Amino acid sequence: MNELLKDIKTKKEEIRKSPFAFLQRVNAIRNNCDSAYFNKIIFYLLDNKDLFLGYEEILNSMIINAGLYQYADESIGSIKDSLCISLHKPSSLNDVTFHKEQSEVLQYLLNGQNVAVSAPTSFGKSKIIDAVLAYKKHKNIVIIVPTIALLDETRRRLSFLSDSYKIISQLSQKTSDKNIFVFTAERFNKYENLPRIDFFVIDEFYKLSSGGIDGGDKRYIALNQALYKLIKHGAQAYLLGPNISNVVTGQFKNIHFFSTDFATVATEIIRKNIVKEEEKQKELLKICTECIKNKEQALIFCKSPSSANAIASFLLASLQGQESRQSNVVSDLFSSMYHKDWIVSKAAKHSIAIHHGRIPRSLAQLSVNLFNDNIIKFLICTSTLIEGVNTTAKKVIIYDNKINKKPIDFFTFNNIKGRSGRMFKHFIGTAYIFAEQPQNTLPTVDIPAMSQSANTPPSILLHISDEELTDNSKHKLEKIKKQTVLPIQLIKKNGSVEPEIQIEFAEEIQKNLSHYSGILSWEGFPLSSQLYDTCELLWKHFVSIENRGMVYGIANGRQLAKKLTNLSKRPTFKEKIYNEMHQGQYSAEDVTEAIDKIMMFEKHWCEYTLGLYLSTMDSIQKYIFQKNNIKYGSYASYISAVECLFSNPLFQVLEEFGLPYQISEKISYIFRGLSDIDIAISKIKKLDVTQCNLSKIEQYIVKKALRGL
């Protein structure tokens, strides 16, 4: 059977002379091979349609037999074929045709079943969400996504439903009669006055597993808490993610696990198995040069932000003639917003973009848009781009075989290579791997909130009702429930921090009330000394217990406090860069490292971690001091200020929507004095960008943002 694929690659002129004979050979194996292999042959036939002129009806029939209805032509073939295609058009969506397995999943959901789908990147799992929601049968819907980038992309994709539903992605937004909540798990858990939910989606549901399969992600705790809360609403569930071997659902028994390798494009894997860095660079340059010659784009995957920056520097020094008017405009914009010596600014000049967790969120989104619009030719990325962000290319180059320091497993490899190829554009994608391909084993996803397995942490178990707890789980919680320093409800409220950590912090305060009341009982903004002492306590109890050394660019509590103090002075971005390059022993060596440090601090610490830890400390100090008739503090306003980087809170929201702070500053006159995000959005929707003091590229950015509002 492999001869067929070999022949279509190497004997095209022979096939052109006898196309019918070749199609006969394809048809002859139909019942003797698995569907994945047959579909792969179909993709090669589609990629070489010019070889089968005059035999389109036969090819069309084969496409239909493969279940790839979206590629079939209704205008040719029999009435039966046309009827078959029509039956796979969801009536809720216009001009959309599903393949056979998409239709099967949709039918399960329309029948009211809970479904967990494990399928390749190109399967079209998100389009099924659109179809279900477009029937408008549900009143309140929740969609949980793993990242802010995917949150924004999902919100934009669902904007076609904004006439029927209010799409809510911010905690400050109020509900309407019918709502679609698009949240990360942490944001969902914080949202107050949630109405009864009818239908929910968890995207990338493998992250429910302890540590997100690889054991390194603590956010699985919040995701499990969100799942349990949603199940208690009695809502129908749709869990979707890439290929896994199985899912352990425990008490969540009434869920159908739909596992498939059905794909809508084919991927050719080319193994290079190169070890030496110099040889890897040489091969990378060869592939990129070929892409330029053929006017193709490529995604280049690497293990870390530093690796991405190094690859960009190498390509800048090696590739010539990639400047264009458009790339110069993009580079000039990045230079004016951030710095001309930043590797991202320099790379953009040569049609190269960089996408990793230390890139400003709106800029990362812009880079994907520019790549999708074919303005950027090479997109160098880390795992931040793999987790659901919608972009693909004909070629994917897996330069590194690790994520940070851990070898890529088969699960991650599948997820990366699935970015090659694009439906209706590139039927055949190519994935280059510069190492041995991982062993063909896929993980099992264990959902701790449902299975209550041995490694389920107390922070999850506390949210499960007593009657549903197993004997082992009850035993695990026994010590926590017997302690008297903190009430269980307070511990549950601080759900993303393990109970033991909360209790130890509370016990230390309780032992020396007079000392800690002077440190922790501040309101509004702390004094300098209070901030330093609070950060030292935060580091001691919430950070250093699990980490040693630098944590996202911070070494200790005093450095954390110093950075917060500097940020509270609202420096310009260029002033932030200067500060990072004058930090004594912690100084950045160059502009790129300085911006990396700024973004690590702002994204990891300010936007997420500090709010989590400070709000936990706030609730504990308030409870203990109040119980002992001592003046207590209130950190809420300071936490809010930190989370929006001591700037206008609307700017932070708009940055999620794709507007950089610098552009928001320019148009801030339209929502001056406003705090309500919904009113601000309504004003921005009416904005005529041509009448603003914006450059052409800035207008492009605003228009992209407006389309998703």
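The second largest pocket in this predicted model holds about 800 Å³ of space. A total of 33 residues line this pocket, and Ala36, Asp261, Ala263, Thr267 and Lys417 lie nearest its centre. What is the mix of nonpolar, polar and charged residues in the lining? It comes to 14 nonpolar, 12 polar and 7 charged residues. If you want to find the pocket on screen, here are the elements that each give two or more residues to its lining:

| Element | Residues |
|---|---|
| Helix H1 | 2–10 |
| Helix H4 | 35–47 |
| Strand E9 | 266–271 |
| Helix H17 | 410–417 |

Now for the sheet. Seven strands make an open sheet with parallel pairing, in the order E3-E4-E2-E5-E6-E1-E8. Which strands stand at the edges? They are E3 (166–168) and E8 (255–259); each has a single partner strand, so one side of each is left without a neighbour in the sheet. On average, neighbouring strands here are turned by 15 degrees against each other, ignoring direction.

Take one pair as an example: E2 (residues 140–144) and E5 (residues 199–203) run parallel and are joined over 4 bridges. Within that pair, Ile141 sits opposite Phe199 of E5. As a general reminder, strands of a sheet pair through backbone hydrogen bonds, either parallel or antiparallel.

Helix H8 (residues 125–134) lies across five of the strands: E1 (114–118), E2, E4 (179–183), E5 and E6 (236–241). Against E6, the helix runs at about 160 degrees. How many residues of H8 are buried? The count is 8 of its 10, so the helix is mostly covered. The buried ones are Lys125, Ile128, Ile129, Asp130, Ala131, Val132, Leu133 and Ala134, a list that includes a lysine and an aspartate. Just past the end of H8, Lys136 takes a positive phi of about 60 degrees.

One last residue to look up is Phe646, which is found in the loop between helix H28 (636–643) and helix H29 (649–656). Is Phe646 buried or exposed? Its relative accessibility is 8%, and because the cut-off for buried is under 20%, Phe646 counts as buried. Setting aside neighbours within four places in sequence, Phe646 contacts Phe525, Leu564, Leu567, Ser568, Arg570, Tyr638 and Ala641. Cys606 is 40 residues from Phe646 in sequence, and their C-alpha atoms are 9.9 Å apart in space.

Note on methods. Residues numbered from 1 in each chain as written. Predicted model: local features only at pLDDT ≥ 70, side-chain atom pairs only at ≥ 80, totals over all residues. Heavy atoms only, no water. Pairing = 2+ DSSP bridges. Axes fitted to C-alpha atoms, helices over the stretch in contact; angles between N-to-C directions. Contact = heavy atoms within 4.5 Å. 1 Å grid on protein atoms, 1.4 Å probe; cavity = no way out; pocket = protein on both sides within 12 Å on 5 of 7 lines; lining within 4 Å. Points joined across faces, edges and corners; volume = space filled by probe spheres on them. Nonpolar A, V, L, I, M, F, W, Y, C, P; charged D, E, K, R; others polar. Buried < 20%, exposed > 50% of the residue type's maximum accessible area, 1.4 Å probe, protein only.
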